[in-house]
Amino acid sequence: MTTITDSHQKTAYKLYFILGALFIAALVVSNLIFQKFFRWDFLGIYTFEISVGILPYPITFLITDLISELYGKQKANQVVTAGIFASLFSLLIIYIANSATATDWSPVNNHTFETVFGATAIAVLASMLAYLFAQYIDVHVFHFWKRVTKGKHLWIRNNFSTFFSQFIDTATILLLLCSAGVIEWSRFWKLLENGFLFKILIAALDTPVLYLIVFFARKKFNLSKGEEVILEY
């Protein structure tokens with residue numbers, strides 16, 4: 001690790017908080033919108049049937065990899081932990097909102113609100129358990145490959161950590177949602193295949209983005225390959 005100059009401390013903190021805010025936003029939104037499913041034909045090769053909730057979720061793994069690479073394992077785990085509290089807080093807000101009776105003139109009545117957000121509690125709990133397994137595994141595996149490669153070959157630790165953790169995440173969420181009756185068991189294997197392949201595809205596509213951000217961050221903070229920023233506070 002390296003301690004950056006005082007002039008760069010503010011910039012480093014801003015980047016860290018921006019990444020953390022994006023992480024939490026993506027995580028919470030994915031839990032709110034998960035009940036809508038759609039089909040996506042990928043270049044005529046494969047047709048995905050996936051939840052819209054899966055769209056922002058790969059962003060969370062990209063961000064934890066970025067924080068792991070630039071700030072270290074401890075800071076990545078801090079963001080993961082913050083995401084847990086954000087999910088619980090969003091669950092509390094939805095519970096209170098759902099218990100409030102809508103007025104006669106409300107554009108969204110009680111039935112519509114409960115239909116859209118009624119399963120959110122189950123989704124959040126399922127997501128949190130999967131999230132705990134997957135995100136901490138992602139951070140751990142990322143740093144394992146960082147040690148093995150001695151800070152080189154960023155694409156290896158980015159993709160290998162994400163592939164493994166995304167499978168754990170997808171399987172855990174589907175197991176819990178099927179067990180709770182939110183999704184039929186007959187759809188389990190197809191959704192597992194679709195979800196995992198989609199996340200692998202996104203992980204491969206976001207690798208250039210990871211390289212680009214890490215390149216400019218290293219240049220900004222004068223970091224050599226494998227070095228991490230030490231935030232003073």
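In this predicted model, helix H2 (residues 57-71) and helix H8 (residues 207-221) make a good place to begin: their axes come within 11 Å and cross at roughly 30°. Angles under 35 degrees count as roughly parallel, and H2 and H8 are therefore roughly parallel to each other. The crossing of this pair is right-handed. On the H2 side, the contact is formed by Leu-62, Asp-65, Leu-66, Glu-69, Leu-70 and Tyr-71. Facing them from H8 are Val-209, Leu-210, Ile-213, Val-214, Ala-217, Arg-218 and Phe-221. Sorted by class, the contact of H2 with H8 holds 10 nonpolar and three charged residues, with no polar ones.

Helix H2 also packs against helix H3 (residues 73-99). Here the axes come within 7 Å and cross at roughly 150°. Since angles over 145 degrees count as roughly antiparallel, H2 is roughly antiparallel to H3. From H2, the residues Thr-64, Ile-67, Ser-68 and Tyr-71 meet Lys-75, Ala-76, Val-79 and Val-80 of H3. This contact of H2 with H3 is made up of five nonpolar, two polar and one charged residues. A reader following Tyr-71 through the structure will find this residue in the contact of H2 with H8 and again in the contact of H2 with H3.

Moving along to the next pair, H3 packs with helix H4 (residues 110-117) at an angle of about 155°, and the two axes lie 10 Å apart. That angle makes H3 roughly antiparallel to H4. H3 passes H4 in a left-handed crossing. The residues that meet are Ile-94, Ala-97 and Asn-98 in H3 and Phe-113, Glu-114 and Phe-117 in H4. By class, the contact of H3 with H4 comprises four nonpolar residues, one polar residue and one charged residue.

Attention now turns to the pockets. The largest pocket encloses about 250 Å³ of space. Its lining includes Phe-34, Gln-35, Phe-37, Phe-38, Arg-39, Glu-49 and Ile-50, together with Val-182, Ile-183, Glu-184, Arg-187 and Leu-191. Strand E2 (37-42) and strand E3 (46-51) are the elements that give two or more residues to this lining. E2 supplies the largest share, three residues. In terms of class, the lining of the largest pocket divides into seven nonpolar, one polar and four charged residues.

The second largest pocket has a volume of about 150 Å³. Ten residues make up its lining, and those nearest the centre are Leu-154, Tyr-211, Val-214, Arg-218 and Lys-225. The elements giving two or more residues to this lining are helix H6 (154-179) and H8. The largest share, four residues, comes from H8. By class, the lining of the second largest pocket has four nonpolar, two polar and four charged residues. This pocket leads back to the opening helix pair: Val-214 and Arg-218 belong to the contact of H2 with H8, and both are among the lining residues nearest the centre of the second largest pocket.

Technical notes
Residues are numbered from 1 along each chain as its sequence is written. This is a predicted model: local features need pLDDT of at least 70, side-chain atom pairs count only at pLDDT 80 or more; totals for chains, interfaces and linings use all residues. Side-chain values use heavy atoms; hydrogens and water are left out. Axes are lines fitted to C-alpha atoms, for helices over the stretch in contact, and angles run from 0 to 180 degrees between N-to-C directions. Angles under 35 degrees count as roughly parallel, over 145 as roughly antiparallel, 65 to 115 as roughly perpendicular and the rest as oblique. A crossing is left-handed if the near helix is turned anticlockwise from the far one by less than a right angle, and right-handed if clockwise. Contact means heavy atoms within 4.5 Å. Ala, Val, Leu, Ile, Met, Phe, Trp, Tyr, Cys and Pro count as nonpolar, Asp, Glu, Lys and Arg as charged, and the others, Gly among them, as polar. On a 1 Å grid over the protein atoms alone, a cavity is a set of points where a 1.4 Å probe fits but cannot get out, and a pocket is an open set with protein on both sides within 12 Å along at least five of seven lines; lining residues have an atom within 4 Å of a point. Grid points are joined across faces, edges and corners, and a volume is the space filled by probe spheres set on the points.
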